[in-house]
Protein chains: 2
Amino acid sequence: MAKKDEGSRVRDALRVGAELPDPGSTPVGPGKKAKALAKFEGAGELLSGLQEALYAEGVGGGRRSVLLVLQGMDTSGKGGTVSHVLGLVNPMGVHYAAFKKPTAAERRHHYLWRIRKQLPTPGQIGVFDRSHYEDILVPRVTGLLTAAERRRRYGEINAFEQELTDTGTTVVKVFLHISPEEQLRRLKARLETPEKRWKYNPGDLEARSHWPAYQEAYADIFKKTSTAHAPWYVVPADHKWYRNWAVAELLSETLTELKPEFPEPDYDVAEELAKLKGVGVPS
Amino acid sequence: MAKKDEGSRVRDALRVGAELPDPGSTPVGPGKKAKALAKFEGAGELLSGLQEALYAEGVGGGRRSVLLVLQGMDTSGKGGTVSHVLGLVNPMGVHYAAFKKPTAAERRHHYLWRIRKQLPTPGQIGVFDRSHYEDILVPRVTGLLTAAERRRRYGEINAFEQELTDTGTTVVKVFLHISPEEQLRRLKARLETPEKRWKYNPGDLEARSHWPAYQEAYADIFKKTSTAHAPWYVVPADHKWYRNWAVAELLSETLTELKPEFPEPDYDVAEELAKLKGVGVPS
């Protein structure tokens with residue numbers, strides 16, 4: 001029990017509560033950039049080793065996987081998190097999916113249809129860059145979702161995530177929490193740097209103008225969908241170095257608790273070694 | 001023209017010819033481990049920058065993508081190549097697919113069915129760990145493919161790759177060439193190291209016993225499917241440091257030639273900057 005507690009220090013500290021932390025704060029772990037970068041490297045080695053074991057477990061017939069759900073306002077660093085944190089592990093074991101505005105074809109299906117198609121397979125770490133939460137968030141803010149429909153979707157999403165948990169997928173939901181001031185700086189940087197202009201979208205300002213409505217919608221989402229089996233974590237994301245460290249740590253803690261194991265061989269090792277001894281070099 | 005030649009030094013040197021290079025040789029580039037590792041790091045930065053531009057181009061409406069096809073005998077390092085070389089770039093832009101023995105469901109379809117489902121989307125680098133070439137290789141060696149069916153498949157594959165090229169996907173086909181002596185060492189290492197045992201499969205020895213037949217089948221594949229639009233490259237793979245450097249270089253040269261470009265904004269930059277000036281901090 002004590003051990004489990006120790007292994008969930010960052011998760012416990014970042015689990016969503018009644019009040020969100022300041023986006024520029026560092027509620028747990030390193031409070032300075034240099035220290036965070038150093039710790040991040042260490043976390044990388046640990047994470048990479050755990051991911052290999054999870055992958056191996058999947059190859060050996062294991063059913064478990066991890067799904068990292070990334071949500072946040074524009075420029076909150078979803079892409080940067082994928083690049084830096086998932087960049088630490090073997091690409092063989094990562095399945096990345098971005099969910100943009102649904103296409104006409106996607107809209108003809110239930111909103112979970114396109115989500116299900118991108119779920120991680122056993123042994124994988126799946127990453128959702130935006131997710132099914134957009135299907136509550138956006139229509140709610142734009143006034144297209146009735147309260148009844150919203151309640152229905154909350155129920156569906158909780159049941160969906162329960163199903164994932166029951167079938168071996170650990171869901172890690174992360175809200176990258178930035179301040180409107182930091183967003184303004186990042187939007188400006190995107191416009192001022194030619195190689196960053198492709199990341200800018202005039203629609204970002206429209207979304208920004210609904211900032212309080214989005215925060216309110218997120219608060220409601222946390223209240224209704226932060227369940228015991230799939231809690232929300234809030235990562236203060238004004239500092240990229242803190243964000244990267246924190247998400248790496250959330251994944252490391254999760255994988256450490258899963259204790260993925262290299263599968264036992266389903267063959268006789270001694271027998272195979274003996275066979276190898278007798279094997280010649282083909283000519 | 002001279003410039004293009006210079007930009008294809010590694011591709012020219014490794015393009016398959018009548019005779020395969022020695023698996024322990026280093027026909028082009030660094031001949032020593034330390035130098036290869038140093039050069040590999042440099043290649044990483046270049047590759048990562050090019051990949052970001054390709055990805056951005058895709059977001060901006062571009063149609064181009066790259067498909068890296070990895071083939072080779074067991075233990076030749078397909079997985080290691082993915083981990084090391086694709087590990088250099090942003091996971092957002094990588095789509096990895098492994099093709100194992102077809103399932104019963106897959107066998108009910110044309111062999112290209114499951115392949116098509118895993119093609120890279122615009123802006124992505126796709127990686128095939130084994131590929132449609134297994135559908136000639138394995139049935140040929142096990143005697144299940146008639147000469148007529150083999151000819152038909154060669155035709156289909158060449159047409160398929162022509163279609164990919166025509167629709168913007170640059171196909172880079174790499175044969176990781178190891179010696180049977182090195183394979184024996186690696187199989188032994190897999191058996192002797194508990195965390196590597198999951199990579200070992202008793203069937204590997206069965207495949208190994210057909211080594212000459214596999215080499216012959218590969219030689220035929222190179223002859224029939226190394227086309228101008230999708231040539232085969234042979235990477236000597238007994239040295240992992242050389243293999244990683246060479247594949248990174250093949251990708252870098254390919255992407256350098258593609259010259260992916262950050263898309264021009266489809267909005268007015270000055271206008272958006274002016275809008276940002278007027279934007280307040282929402283409360």
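**Exercise 1. The cores**

Task: find which residues have the most contacts inside the largest nonpolar core, and which helix gives this core its largest share.

Solution. The largest nonpolar core counts 72 residues. A nonpolar core is a set of buried Ala, Val, Leu, Ile, Met, Phe, Trp, Tyr and Cys residues joined through side-chain atoms within 4.5 Å. Buried means under 20% relative accessible area, exposed means over 50%, and partly exposed lies in between (1.4 Å probe, protein chains only). B:Leu14, B:Leu68, B:Leu86 and B:Val174 have the most contacts inside this core. Its largest share, ten residues, comes from helix H12 (residues 240-258) of chain B. Helices (H or I, at least four residues) and strands (E, at least two) are DSSP runs, numbered from the N terminus. Another core, of 71 residues, lies apart from it and includes A:Val89, A:Val141, A:Val172 and B:Ala56.

The model is predicted: local features need pLDDT of at least 70, side-chain atom pairs count only at pLDDT 80 or more, and totals for chains, interfaces and linings use all residues. Residues are numbered from 1 along each chain as its sequence is written, chains are lettered from A and ligands numbered from 1 in the order in which they are written, and side-chain values use heavy atoms, with hydrogens and water left out.

**Exercise 2. The strands of chain B**

Task: work out which strands pair with S3 (residues 125-129) of chain B, and in what sense.

Solution. Start with burial. Five of the five residues of S3(B) are buried. B:Ile125, B:Val127 and B:Asp129 point one way, while B:Gly126 and B:Phe128 point the other way. In a regular strand the side chains alternate between the two faces of the sheet.

Now the partners. Two strands pair if DSSP finds at least two bridges between them. Strand S1 (residues 65-72) of chain B pairs with S3(B) in the parallel sense, over five bridges. There, B:Leu67 stands opposite B:Gly126. Strand S2 (residues 94-98) of chain B also pairs with S3(B) in the parallel sense over five bridges. B:Tyr96 has B:Val127 as its bridge partner in S3(B).

Task: trace the pairing of strand S4 (residues 169-177) of chain B, and say where B:Val174 finds its bridge partner.

Solution. Eight of the nine residues of S4(B) are buried, so this strand is largely enclosed by the rest of the structure. S1(B) and S4(B) run parallel, joined by eight bridges. B:Leu68 stands opposite B:Val172 in S4(B). Strand S5 (residues 232-236) of chain B runs parallel to S4(B), with five bridges between them. B:Val174 has its bridge partner, B:Tyr233, in S5(B).

Then list contacts (heavy atoms within 4.5 Å). Leaving aside neighbours within four places in sequence, B:Val174 touches, among others, B:Leu68, B:Leu70, B:Trp232, B:Tyr233 and B:Leu250.

**Exercise 3. Two copies**

Task: find how chain B is laid on chain A, and how much area the chains bury between them.

Solution. Superpose by least squares on the C-alpha atoms of residues with pLDDT of at least 70 in both copies. A turn of 180° and a shift of 0.0 Å along the axis lay chain B on chain A, with an RMSD of 0.0 Å. The two copies are thus related as by a two-fold rotation axis.

Next, the interface. It takes 45 residues from chain B and 45 residues from chain A. About 4,200 Å² is buried between the chains, 75% of it on carbon and sulfur atoms. Buried area is the accessible area (1.4 Å probe) that two parts lose on being put together, summed over both. B:Trp198, B:Tyr267 and B:Leu276 supply 17% of the area that chain B buries against chain A, more than any other three residues. The copies meet through the same surface, because 100% of the interface residues of chain B are also interface residues in chain A.

**Exercise 4. Helix length and phi**

Task: check the span of helix H3 (residues 33-59) of chain A.

Solution. The expected span is 1.5 Å times one less than the number of residues. For the 27 residues of H3(A), that gives 39 Å. The end C-alpha atoms are 38 Å apart, which agrees. Just after H3(A), A:Gly61 takes a positive phi of about 105°.

Task: place A:Thr75 and B:Arg130, and state whether each is buried or partly exposed.

Solution. Most residues other than glycine have a negative phi. A:Thr75 has a positive phi of about 70°. A:Thr75 sits in the loop between strand S1 (65-72) and helix H4 (78-85) of chain A. At 6% relative accessibility, A:Thr75 is buried. B:Arg130 also has a positive phi of about 70°. B:Arg130 lies in the loop between S3 and helix H7 (134-141) of chain B. With a relative accessible area of 22%, B:Arg130 is partly exposed.
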